[in-house]
There are 2 protein chains.
Amino acid sequence: MTDGRRNIPFKRLFNPRSIAIIGISLSRTRGSGSYFLNILKQNKYPNPIYPVNPKHEGKEIEGYKIYGSVSSLPDDPPVDFAIVAVPAGITPRVIEDLGKKGVLFAHIFSSGFSEIGRKDLEEALLESSWKYGHKPRIVGPNCMGIYNPRSKVSFIFGASQNSGSVAFISQSGGLAGTLSRYGPSGAHPKFNFSKVVSLGNQIDLDLIDFLRYFKEDAETKIIAMYIENLKRNGNEFIRLLKETTQKKPVIIWKGGISERGKSAVMSHTGGLAGDIKLWRSMSAQTGAILVNDFMDLAETIQSFYSYPIIKTNKVAIISAGGGFGVMATDTCEKNGLIVQPLSDSSVDKLGEFIPGVNTNFSNPIDLGGAGFSIPVILKTVEILNKDPGISIIQLVSSPESYKIHSQTDMEAVVNKFGDAAKSLTDGKTLIATPTPVIEDKNIVLLRQEVGSLLRKNKIMTFNSMESGAKCCYRIWKYGNYLKKMKIRN
Amino acid sequence: MTDGRRNIPFKRLFNPRSIAIIGISLSRTRGSGSYFLNILKQNKYPNPIYPVNPKHEGKEIEGYKIYGSVSSLPDDPPVDFAIVAVPAGITPRVIEDLGKKGVLFAHIFSSGFSEIGRKDLEEALLESSWKYGHKPRIVGPNCMGIYNPRSKVSFIFGASQNSGSVAFISQSGGLAGTLSRYGPSGAHPKFNFSKVVSLGNQIDLDLIDFLRYFKEDAETKIIAMYIENLKRNGNEFIRLLKETTQKKPVIIWKGGISERGKSAVMSHTGGLAGDIKLWRSMSAQTGAILVNDFMDLAETIQSFYSYPIIKTNKVAIISAGGGFGVMATDTCEKNGLIVQPLSDSSVDKLGEFIPGVNTNFSNPIDLGGAGFSIPVILKTVEILNKDPGISIIQLVSSPESYKIHSQTDMEAVVNKFGDAAKSLTDGKTLIATPTPVIEDKNIVLLRQEVGSLLRKNKIMTFNSMESGAKCCYRIWKYGNYLKKMKIRN
């Protein structure tokens, strides 16, 4: 079964010269191949698409001619990829037809396999694919397939057309779709994808195959995954992870960690979920980054996508108001950052120019009312830049405060912070985290605007104090892992 | 010191017949009494306001005459409340003047006391207040004071004018301000306040005094607090908490739980933070609800404000897509809810009308593509309503799906869910939680619209699966605590 695993022509899966859709319906119901046809059309997939349904042979759908059988499909350009959306029971016959035709890959959308106890059907599928020399290689069944913004293959309505450097391997098509909309959304895109695959039941091509491919894929700089279960030996996965994290960060969200979650995994993708403790130890061994939920995954990807490695996990907090300082301190320390006492020299220098009323110069630094003065903030950053104990300088402020700063021109104000960020000594980082954000239309818009300006100025910015602390910790930890590995090797 | 603690005329603090502001500045800088004058004016405080500053005697500010001394203030109506914003060193003299005048309460805004090691100044303040029979009673120092939407006393720019039933006791003025904007914000207000107090250093009136008052306050149905430290014996607090939770829920966010957070508390409000373990055990003993951060506080208040007690913590999850089902299951189980296996009869009935492709009828229930059909969802809710093992029926869906449901009229669709919620058997609750939400302008607006419609229809709705699980667990747990207490007494 592992035969040929290293020479799978994945390039053709992600950039097929033509696509066949088996199981097209003229009534366009969800759950049929027409769903995929519509997306490919909307996405302007440039190569031929061949809808197949013997019942509708010769008719047209969305301007495409419907074929009556796989054998009657054109050979030039060759069919590299087929999307199979027929009842589970007839999928083995379809796979045999595709193999005979020489089709390289099939994505089986249909469900009704091991996730409902029909492991026999999965075995029949594999048997079919071996009849013609292990062709086609199978993605799924019970999954959404492939998204590649560059080649315009997609399973996501309204997904971004822009290619990026994040590869995402997901055992949930729904989550893959949501993440693929999250990254490129908003005024300033947070990240774009190189390739996305929804794995499903992984009866043939599995997590390890795709991880090995993305490890070498030049376009992919970050690998993220949502994983419910492993289909192969964990040791192979760990070896591969160790090699991969040397080249690029790997971010993993493990689904099915509670007892009931594990049985939900069995009914979802038909596999054993495994214990979260094993995943934690695997993460420690391999340098892979384990995250806890969807937003955590999205924000961690965004951080690795946008921000450089941080030298140490020691942070100085600047706030206007003591309560927010306490809150930021608790949040940093809870998530692995160290709120480091400032040097005596820093404390003295801060005391020289900041009034002593309603302020505090230990760490967290509470600037009180002066926390709304740009010169005071800039001077504080300058002083902290000379403090040898600090790597991360964290500005805690509300989105509204940027407006208070800048009655006239918010961009000019953020640019000043940007200049301060650029003038920092090597190894120091300026980050901006908001005070808790009210879900109000105007505040949300203001926050997006501030976020875009900050990102443009290469200031690390986060959705919350918590995501800021978590992401900085992870970036530092990954850098630290690489450093240790270099020393060891 | 405990003398007279039970007979403090708090009514006059929250509804003063006139207010004196000591330390007014004509240049209107932040940190002076002018800040408060502007807010009171903007808020249309209807009773007299007397600015005091000997340097500007006889001049006018914002249409108000400036007095030269406390002794020269009018006696009718009497000055019930003074806001003191003068340098810390002269506050004891001001308190003495106020006591002589018979002023009942003083809020000392000024900082520069025990939080920077000047405990001597706090002792001098108390001494001054005892010169005229413990008058005025002191709120603070080093705090923002009082907000009462009904009487229009306020320290928050743009705060809601609408009175509600949440009392908030806060050791951070900034957090109090943010929460006071959060509750009433958005298309549909989430909650409004009865009274808010920012405590500061608590040298005289403290947490326990205000808790005792809010316990009896007819307008207050929920008490929330952000606490950094206790100034009195913990046993007194625990006794009072036990009495209070019998009458109304008490929600507590403890600030300063990390080691560095504790020292930040010392510099912020000048007290010992205490160990979080003690607070956890206190919560278990008293039925008080301990929360972990700002959003957790805000969402828990909102839940107790809007939703009835839940009978059991057993939940059935309905999703369209297995990954979201796994995610919801992990989230519920992590936060104290039980994802209960359905009865055989429920599973059979679900299987009768939902197609078996891409679906699952265990719990979580994955409706697959049928999860976008309103009749299917309504029928599923009807079946779960007859399942004796379930109390909470949780709909997991994206804000966008409500739009997919309702090409024509979203309100009509949500009303149908509302009808389903109303027809539930006693003790069953319908809740709606979103799939992870993308921060995109249109999605945020859509989400607010959906949220308003759901709330109008008395469907419990939450910002995330996590807050849904946490809040349902807490509402159930509080009800359960009350039940146990009744049995015991």
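## Relation of the two copies

A turn of 180° with a shift of 0.0 Å along the axis lays chain A on chain B with an RMSD of 0.0 Å. The two copies are thus related as by a two-fold rotation axis. Both copies use the same surface, since 97% of the contact residues of chain A recur in chain B. The model is predicted, and the values in this report are computed from it.

## The chain A fold

Chain A contains 17 helices and 19 strands. Its C-alpha trace spans about 85 × 50 × 40 Å along the principal axes.

Chain A has 489 residues, and 63% of them count as buried. Of the contacts in chain A between residues at least 6 apart in sequence, 76% join residues at least 24 apart.

## The interface

Chain A gives 61 residues to the contact and chain B gives 60 residues. Together the two chains bury about 4,800 Å² between them, with 58% of this area on carbon and sulfur atoms. The rule finds zero salt bridges across the interface of chain A and chain B. It does find ten residue pairs in polar contact there, with both residues at pLDDT 80 or more.

On the side of chain A that touches chain B, the elements giving two or more residues are α5 (173-182), β12 (250-254), α8 (259-269), α10 (294-306), α11 (322-334) and α16 (441-456) of chain A. Helix α11(A) supplies the largest share of that side, eight residues. Sorted by class, the side of chain A that touches chain B has 23 nonpolar, 22 polar and 16 charged residues.

## Helix α8 of chain B

Why is helix α8 (residues 259-269) of chain B described as largely enclosed by the rest of the structure? Eight of the eleven residues of this helix are buried, so the description applies. The buried residues in α8(B) are B:R260, B:G261, B:K262, B:A264, B:V265, B:S267, B:H268 and B:T269.

Part of the cover comes from the partner chain: α11 and β15 (338-339) of chain A are included in what covers the buried residues of α8(B). Helix α11(A) thus appears in two places in this report: as a cover for α8(B), and as the source of the largest share of the side of chain A that touches chain B. Just after α8(B), B:G270 takes a positive phi of about 65°.

Terms used. Residues numbered from 1 in each chain as written. Chains lettered and ligands numbered in written order. Predicted model: local features only at pLDDT ≥ 70, side-chain atom pairs only at ≥ 80, totals over all residues. Heavy atoms only, no water. Contact = heavy atoms within 4.5 Å. Buried area = accessible area lost by both parts, 1.4 Å probe. Salt bridge = Lys/Arg side-chain N within 4 Å of Asp/Glu carboxyl O. Polar contact = N/O pair within 3.5 Å; in protein donor to acceptor, adjacent residues only side chain to side chain. Helix = DSSP H or I, 4+ residues; strand = E, 2+ residues; numbered from the N terminus. Nonpolar A, V, L, I, M, F, W, Y, C, P; charged D, E, K, R; others polar. Least-squares fit on C-alpha atoms with pLDDT ≥ 70 in both. Buried < 20%, exposed > 50% of the residue type's maximum accessible area, 1.4 Å probe, protein only.
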